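Hello,

Here is the structure I promised to pass on to you. Have a look at it first, and then read on for what turned up in it.

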Amino acid sequence: MLQSGAGGLGCEILKNLALSGFKDIHVIDMDTIDVSNLNRQFLFRQADVGKPKATVAAEFVMKRVKGVKITPYYGAIQDKGPDYYMQFQLVICGLDSVEARRWINATLVEMVDPQNPESLKPLIDGGTEGFKGQSRVILPTLGSCYECSLDMLTPRTAVPMCTLASIPRQPAHCIEWASILEWPRVMGDKKLDNDDPEHIQWLYEKALERAREFNISGVTYSMTQGVVKNIIPAIASTNAIIAASCCNEALKIVTSSNPYLNNYMMYIGDEGVYTHTFAHEQKDGCPVCGNMATDFHAKADWTLDEFIERLKEKPDVQIKKPTLTTERRKLYYAGPPQLNELTKPNLDKRLKDLLDSGEEVAITDPGLPFSLRLNVIFS
Amino acid sequence: MASSIPSGAPGSREKKYDRQLRLWGANGQNKLETAHIALFNASATGCEILKNLILPCIGQFTVIDDKLVEEADLGVNFFLDEDSLGKPRAERAAALLGELNPDVMGNYIIDNFSNLLSTKPELFEPLTTPFTHFVLVSPFPTPLLLLLPPEIPTFLVYSLGFTTSLRVSAPIHTIVETHPDSLTDLRLLNPWSELSSMATERTTNLEIQQKVDGDGGMSDHEHGHVPYLILLLKYLEDWKQSHGGNYPATYKEKGEFKVLIQDNMRTNVPGGSEENYEEAIAAVLKNVREAEVSSETKEVLNDTKCANLTLETDNFWIIARAVKDFLENPEQGNGLLPLSGGIPDMKAESNGYVDLQNVYKYKARYDASLVEKNVRTILSSLNRDPSSIPLDEIELFCRHSNFLRRILYRPLPAEFSTLPDEHHKKAVCAALSSWDADTSLIHDYIALRAYQSFVTETDGRAPGDTDETLEVDTAEMTRLAELYLKEVGWSTGLGERGKNMIREVVRTGGGELHNIASLAGGIVAQEVIKIITQQYVPVNNTIVFDGISSRTGTYEL
């Protein structure tokens, strides 16, 4: 059994797995304990602040529950490869980022070898926000995967740069101005550390000044921290519900005692209690589990640069610094420098001069844990 | 929307509780920290519930249990360890739970519910009890349930195998901070004079294209930054002129109104369209409508508590009455609630936006000041200190005045006495005859009712607790379920799912599964927090979770 994440959901999951009779558990987490974790991450105490979550959580649960062996790994899930993931029967995730979820999902899908049933590792994923949460069971290649449902995420609407730069209206605009524009202007190359209270204080003061200048009220330290770190409210009870639901599904899968969740449960506790349990459909042409290049309509007159900009706008793609290739040529390399130099001139060329309509383009990106294949069709 | 968060750098408590203060604010946290929860039964479920309340920092808890820790407890309860074996469960659970948060005070009583009810009745008297909330985890005998004081919010919890359920019972529950998605109330069809004149002023030269600076026309830049609220107000006025003084009301008319806006958009600009006009068009269907009082708020304002105020009446009802007076007074609200005052973000210049925002804000403040005047008058007439309700509280109430809730929880005897009331009978029969009756979780509830009767007649023994009694216990549970169905007037008897559920409950032998105990701990703690903080909307009154199909059902029973 592998558990990734030893935070809010992770602490619960580890306790639940140990008390469900799982004897050999590995837990991965790259974070250290922060004081703001203590309102829900119940395996940690004030004295543990600063220590690695995976290690402290493993030690605590092994001490409390006899006969369970927990192997912690303090590091990123991306440090490990397929050989490592192959040793587990099931993977259960309480992660806090979309990137990490996409990575583990794509890795487990990629690992599936139709000739070897052992290579299919069920993935159970949970997530929470305030009084709401969801748990889901993913059977890589057999059903809907994490990537299939990427468009269910509410897109974080970016505020246009001109609003931040010249016409702020909301306190959040002033805070983003301070962190995105003012920090680099004043601090130069010095990196902004969201966890450094002095840095947050600086942003808060700058944002407050700007807000006063534009008669905008409502900038607080807490809001500054929330906007800059994209803080999602989190409480123990919601984590308990979702983590327990995930572990309940894990137990049902492993013991075959009862049918397991097919495949998604949403729990909404803000207004009464409402759950929605449903089968999320596998997406046709899912770039991860669909195994097929999907069609993408483009204008033959677009430059390659324009094409890349359009790709970035697609909510189900989410790329940042892509590298594009076809069977016959290197279209554009974001790095290394030599290849970037060589391929940069292509950015200004028109698609019709680089591609035939219907030709397959492979896209790789630091934000993509897999290679995206598109049939570019001229319309 | 959090109620009030300090604006400066956080203290150590704010840091520790940051992630929850973003939900319920200092208001909610203060209430949480004055709660004293009594837990009856230090089972895994009971301890998990407390864990999720101790972490966010309730004031105090007391674990009440008369059993000694056994080996079996360790396999399911995380808050009992090997050192606890043979010692009182109450003491050990209180100790290990207490470690979770040094800010919370933990206590224990080695005793049980029925005994305490007769030996220490003061613990159950509203005026003498130290407890603010009771959490009871089954088993408990039915006759004692009927003796619980209705004044103290009580949470009845079952956790058997894959099934868990919660029944909430509380005195009348009122909520100001319900946390709706948005408090926005734009009043486009009921604009007050300041808003109307602002719309007129800002649009006098809207249709005139500026050729050169200072020619009195509007530049493309200005035109593209007129806030969409102003645009809507202006075109609504135009529409009225050409439609006999009426606003667009039907879906069709609203469609035509959208075309009117579209036709006035400048298209000879970079990009070929204007974002503010597009925002205006997108807002038509949702926002071009009469300001109405929600049915939930009507319920509050029409409650007899609003009419019959006394010296002891809660602030909630006093302010509600003041709002009702505001609404009905032609000199004040004249049929409208106090304005909430917020507006959404929209394409606009900073100044233009802030000025518009201020028109809403000032109106909201003015409305609240009238409500405040009403409050002071009411307080004086009740011979109470007229300043005893702070303005902050009145303003918070006014902002939420269209999203108020009051929940009348049904008393436990109406559900659990041998002769349940008509409402209960109807609710159960309705669930049993609904279109999804085959899979409905009402069957789980019925099986739990049979279990409740079983533990009452056996003095706490769970059905199926030994292999030898499995068969007779199943028969007895079936008989009890059938009996209950007869009591509620359901003549068809136990269905397929009902029979399965009986077997499932007997199969568990009263045992907990840790995952379900933990899940119950989360569900119950969420509801306890909602009741304590008087924020968000708690369940009314029963929730059942089935861990096999991963579904919940909620019923008012």
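Which residues does A:S119 touch, not counting residues up to four places away in sequence? Please keep in mind as you look that this is a predicted model. The residues in contact with A:S119 are A:M86, A:M111, A:V112 and A:D113. You will find A:S119 in chain A, in the loop between α4 (98-111) and β5 (123-129). Its relative accessible area is 1%, so A:S119 is buried. The side chain of A:S119 also reaches the backbone oxygen of A:N116, at 2.6 Å. If you would like a sense of scale, try A:S119 and A:T220: they are 101 residues apart in sequence, and their C-alpha atoms are 50 Å apart in space.

Staying in chain A, please turn to A:K53, which lies in helix α2 (residues 53-64). This lysine is buried yet has no salt bridge. How far away is the nearest side chain of opposite charge? That side chain belongs to A:D31, and the distance is 4.3 Å. A salt bridge here needs the nitrogen and the carboxyl oxygen within 4 Å, so a pair at that distance does not count as one. A:D31 is still among the residues that A:K53 touches, leaving aside those up to four places away in sequence. The others are A:A6, A:G7, A:D29, A:T32, A:I33, A:N37, A:Q41 and A:F44.

On to the salt bridges that do form. Over all chains, the structure holds 49 of them. One joins the side chains of A:D125 and A:R101, at 2.9 Å from N to O. This pair links distant parts of the chain, with A:D125 in strand β5 and A:R101 in helix α4 of chain A, 24 residues apart. Both A:D125 and A:R101 are buried.

Another salt bridge in chain A brings together the side chains of A:E360 and A:R373, 3.1 Å apart from N to O. A:E360 sits in strand β12 (residues 359-364) and A:R373 in strand β13 (residues 372-378), so their pairing ties together parts of chain A that are 13 residues apart in sequence. A:E360 counts as partly exposed, at 32% relative accessibility, and A:R373 is also partly exposed, at 33%.

In chain B, have a look at B:D103 and B:K16, whose side chains meet in a salt bridge at 3.2 Å, N to O. B:D103 is in the loop between α5 (89-98) and β3 (105-109), while B:K16 is in helix α1 (residues 12-16), so this pair ties together parts of chain B that are 87 residues apart in sequence. With a relative accessible area of 31%, B:D103 is partly exposed, whereas B:K16 counts as buried at 9% relative accessibility. There is also a network of salt bridges that links A:E12, A:K15, B:E48 and B:K51.

Next, some backbone details. The peptide bond from A:N262 to A:N263 is cis, with omega near -10 degrees. A:N263 is in the loop between α9 (236-255) and β7 (264-268) of chain A. In chain B, a cis peptide bond joins B:S138 and B:P139, with omega about 10 degrees. The loop that holds B:P139 runs between β4 (133-137) and α7 (142-145).

Two residues of chain B are worth a look for their phi angles. B:D459 is not a glycine, but its phi is positive, at about 60 degrees. It lies in the loop between α20 and α21 (470-487) and counts as exposed, at 72% relative accessibility. B:S550 also has a positive phi, near 50 degrees. Its place is the loop between β9 (542-546) and β10 (551-555) of chain B. Is B:S550 buried or exposed? At 1% relative accessibility, B:S550 counts as buried.

Finally, the empty space inside. A search of the whole structure finds two cavities of 30 Å³ or more, and the largest holds about 70 Å³. Which elements give two or more residues to its lining? They are β5 (154-160), β6 (163-169), α18 (412-416) and α20 (442-457) of chain B. Among the lining residues are B:L156, B:Y158, B:F416, B:Y445 and B:T542.

Happy exploring, and best wishes!

Conventions
Residues are numbered from 1 along each chain as its sequence is written. Chains are lettered from A and ligands numbered from 1 in the order in which they are written. This is a predicted model: local features need pLDDT of at least 70, side-chain atom pairs count only at pLDDT 80 or more; totals for chains, interfaces and linings use all residues. Side-chain values use heavy atoms; hydrogens and water are left out. Helices (H or I, at least four residues) and strands (E, at least two) are DSSP runs, numbered from the N terminus. Buried means under 20% relative accessible area, exposed over 50%, partly exposed in between (1.4 Å probe, protein chains only). Lys and Arg count as positive and Asp and Glu as negative; His and the chain ends are not counted. Contact means heavy atoms within 4.5 Å. A polar contact is a pair of N or O atoms within 3.5 Å; within protein, one must be able to donate a hydrogen and the other to accept it, and residues adjacent in sequence count only if both atoms are side-chain atoms. On a 1 Å grid over the protein atoms alone, a cavity is a set of points where a 1.4 Å probe fits but cannot get out, and a pocket is an open set with protein on both sides within 12 Å along at least five of seven lines; lining residues have an atom within 4 Å of a point. Grid points are joined across faces, edges and corners, and a volume is the space filled by probe spheres set on the points.
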